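I open these notes with a short list of things to look up, beginning with one charged side chain and its surroundings. The model is a predicted one, and I read every entry below with that in mind.

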Amino acid sequence: MLPPENNQTEIMRRESDYKPPRTLSHWLIGRPLSTADAPHQTIGKAIGLAVFASDALSSTAYATQEIMVILAVAGTMAFGYVFPISIAIVVLMAIVTFSYEQTIHAYPGGGGAYIVSRDNLGETPAQIAGAALLTDYILTVAVSISAGVAQIVSAYPELFPYRVWIAVAAVFFIMLINLRGVKESGIAFSIPTYFFVAMMFVTVGTGLVRHFTGTLGVVVDPPHLELEGVITALTPFIILHAFSSGTAALTGIEAISNGITAFKEPRSRNAGITLVWMAMILATLFLSISFLASHVSAVPSETETVISQLGRTIFGGRGIPYLMVITATTVILIMAANTAFADFPRLSALVAKDGFLPRQLNFRGSRLVYSNGILTLAIIASILIIIFKASVTLLIPLYAIGVFLSFTLSQTGMALRWRKIGRLKEGEEVVEPGSVLRYDRNWRFKMLVNGFGALCTFIVMLIFAVTKFTEGAWVVLIIIPLLVRMFFTVHSHYKDLASQLTLEKFKGLPARRTRHRVIMPVSGVHQGTLEGLRYAKLLSDDVTAVHISIDLSETEKVQKKWKTWGEGTRLVVLDSPFRLFVEPLLEYIEEIIENRQSGETITIVVPQFIPSKRWHNALHMRTADVLRQELLSKHGVVVTDVPYHVHKEEKE
């Protein structure tokens, strides 16, 4: 039963005039933005392509090479299958793009596979999709940065030993730019993104013209093709293996659907157009690079990338055009991490809002971005780069399983959504947490398209899992279930906490307690102690000071001073033969708790002096901090700090 509403309760509201002062972080990431600035931080289609498509576009720099790495075990003659495999990947890309274009319009609030799965498949599939996507974004940063550093190493081989630390530095550079906000990072990254697109179209355009005019030639002095063993026949397993490696070109397709809220109004329309632009550019460049790579006899290598071999073959050496291609590719690969930095924080905030990740990830920083998510992504990605030594080939097997798992769940969810829409009558609406269902006469066609797409991506996911299992894909197959388990553990904690704090069935607090006992630990008698004692006596007349006796001479001083300054308050001296301070005090408090009277409140008053300078804290034991942390875990005990500010350097 709810208590009666008190009409005399006064509620006041005012706007704070406080403005954050200038700090070092503001020089790095910019001045703080108010919540009212949020609508002005949205982006248009041109910048949206730079922010959300850089990951997908950058995959053209290594997807072809990953196909060739697998085909190489069947000898260089197998490289003739690179282009047909690429065509199959582009067909799959078209299916997935069409599906996500529908998702963008159906779920204008963003969230992609996570929201689609949550609304149509249930909580567990949603968390699987969330775990898969978050894993993919972490790997996106690690792979794209490592691939960008590989381009630098191709042009300057003497930097090879330093590739790991160059990659880590690049991660934190991207992190810093993203902390400045979506709009600023988008503007900063739009120039290198469009420079890459322009240079790649110039490169493949020149290459195709030279090929069809018979002046292209082959790679001069190609890198050595290192193989552990060459088989005599090209088996279906190898072709499927190469296909699964090349599907890295599809990573990033889902990014725009996750970040719809970053676009200007009309959000869905702008996001959908940007997705189509991205898919067309990606398909064109990917097919062109695959076609040319097989005709110039490029070979996959850790020491020189396929893009590097194409560039110096098409432009006849390592001149300025070649260096421009390498520079553009390096920058877009490093900038591709920006897609993950744009989407990982948004997705983790959605999952956190639903109570499956720590609430801190749902906090917007001073620049209206999810700062905690950005920092988390940078740290985890850097750890992966260090573990795998910035090797793209070692990281790729971990990469695409999560992507295709999320593709499959998203399209399955969309198919079920169209089925629900088909059961509605014209004009009828059903409001779901993430979208509004309205009847659509084309629901059968759209359901079939999404269903077929789900089947295709599911098959690709199985192919990837089988062909890449021994290369490291098994790690992801373990990590994703572990992440899902962690999500539900976090959710269980929040649910338990909410059930204990809820007011729905709360009958009100018990009658006010009439007895109040105060215990105040005393390490020495000084002005700070007397401040604590004064406050303790305001709370109750029943005050007990407790001194832990470790040094007899010090104890005698405390007793003598207490008789003079203790105002008649009783002092309990606890002898500690093993020179422990906290443990004897906790034991004493436990004894008080066990024997306390019904309705009695126990408050621990902890005097704590605050030095005039922060670094002075390092010169003291900070016993009050330790004691407070221990006592906060004791049920039925209230802990109160009484600070005493020291304006001059004094001894404790």
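**Entry: R312 and its partners**

I looked up R312 first and found that it counts as buried, its relative accessibility being 12%, where the cut-off for buried is under 20%. Its salt-bridge partner is E304, with the closest N and O atoms 2.7 Å apart, and E304 is buried as well, at a relative accessible area of 6%. E304 sits in the loop between α12 (267–295) and α13 (306–314), while R318 sits in the loop between α13 and α14 (320–335), so this pair ties together parts that are 14 residues apart in sequence. The contact itself is a salt bridge between the side chains of E304 and R318, at 3.7 Å from N to O. For R318 I noted a relative accessibility of 46%, which makes it partly exposed.

**Entry: helix α13**

Which residues of α13 are buried? I listed V306, I307, S308, Q309, L310, G311, R312, T313 and I314. Because nine of the nine residues of α13 are buried, the helix is largely enclosed by the rest of the structure. After α13 comes G316, and there I read a positive phi, near 70°.

**Entry: other salt bridges**

I then turned to the salt bridges of the whole model, for which the count comes to 12. Among the residues involved, R517, D542, R570 and E600 are linked in a network. Another salt bridge joins the side chains of R267 and E265, at 3.5 Å from N to O. In that pair R267 is partly exposed, with a relative accessible area of 28%, whereas E265 counts as exposed at 61% relative accessibility.

**Entry: backbone exceptions**

Before going through the backbone I reminded myself that most residues other than glycine have a negative phi, and most peptide bonds are trans. Where does a cis peptide bond occur? I found one joining E265 and P266, with omega at about -5°, and I placed P266 in the loop between α11 (255–258) and α12. E265 thus appears twice in my notes, since its side chain also meets that of R267 in the salt bridge entered above.

I also looked up positive phi values in residues other than glycine, and A390 is one of them, with phi near 55°. A390 lies in the loop between α16 (371–387) and α17 (392–395), and it counts as buried at 8% relative accessibility. E567 is another such residue, its phi likewise being positive and near 55°, and its place is the loop between α22 and β5. Is E567 buried or exposed? I entered E567 as exposed, since its relative accessible area is 57% and the cut-off for exposed is over 50%.

**Entry: the β-α-β unit**

From the loop of E567 I moved to the elements around it, and noted that β4, helix α22 (residues 552–565) and β5 make a right-handed β-α-β unit. Strand β4 (residues 542–549) and strand β5 (residues 570–575) pair in the parallel sense, over six bridges. Looking up H547 in particular, I found that its bridge partner in β5 is V573.

**Entry: nonpolar cores**

Which members of the largest nonpolar core touch the most other members? Of its 147 residues, I wrote down L71, V141, I145, L250, I253, F341 and I385. Helix α7 (residues 123–155) supplies the largest share of this core, namely 16 residues. I followed L250 further and, leaving aside neighbours within four places in sequence, recorded contacts with I89, L92, M93, V96, F404 and F407. There is also a second, separate core of 19 residues, which includes I519, L574, V582 and Y588.

**Entry: V626 and V582**

My last look-up started from V582, whose C-alpha atom is separated by 8.0 Å from that of V626, 44 residues apart along the chain. V626 lies in helix α24 (residues 623–631), and I noted it as partly exposed, at 44% relative accessibility.

Methods:
Residues numbered from 1 in each chain as written. Predicted model: local features only at pLDDT ≥ 70, side-chain atom pairs only at ≥ 80, totals over all residues. Heavy atoms only, no water. Pairing = 2+ DSSP bridges. Helix = DSSP H or I, 4+ residues; strand = E, 2+ residues; numbered from the N terminus. Right-handed = clockwise from strand over helix to strand, strands pointing away. Salt bridge = Lys/Arg side-chain N within 4 Å of Asp/Glu carboxyl O. Buried < 20%, exposed > 50% of the residue type's maximum accessible area, 1.4 Å probe, protein only. Core = buried A, V, L, I, M, F, W, Y, C linked by side-chain atoms within 4.5 Å. Contact = heavy atoms within 4.5 Å.
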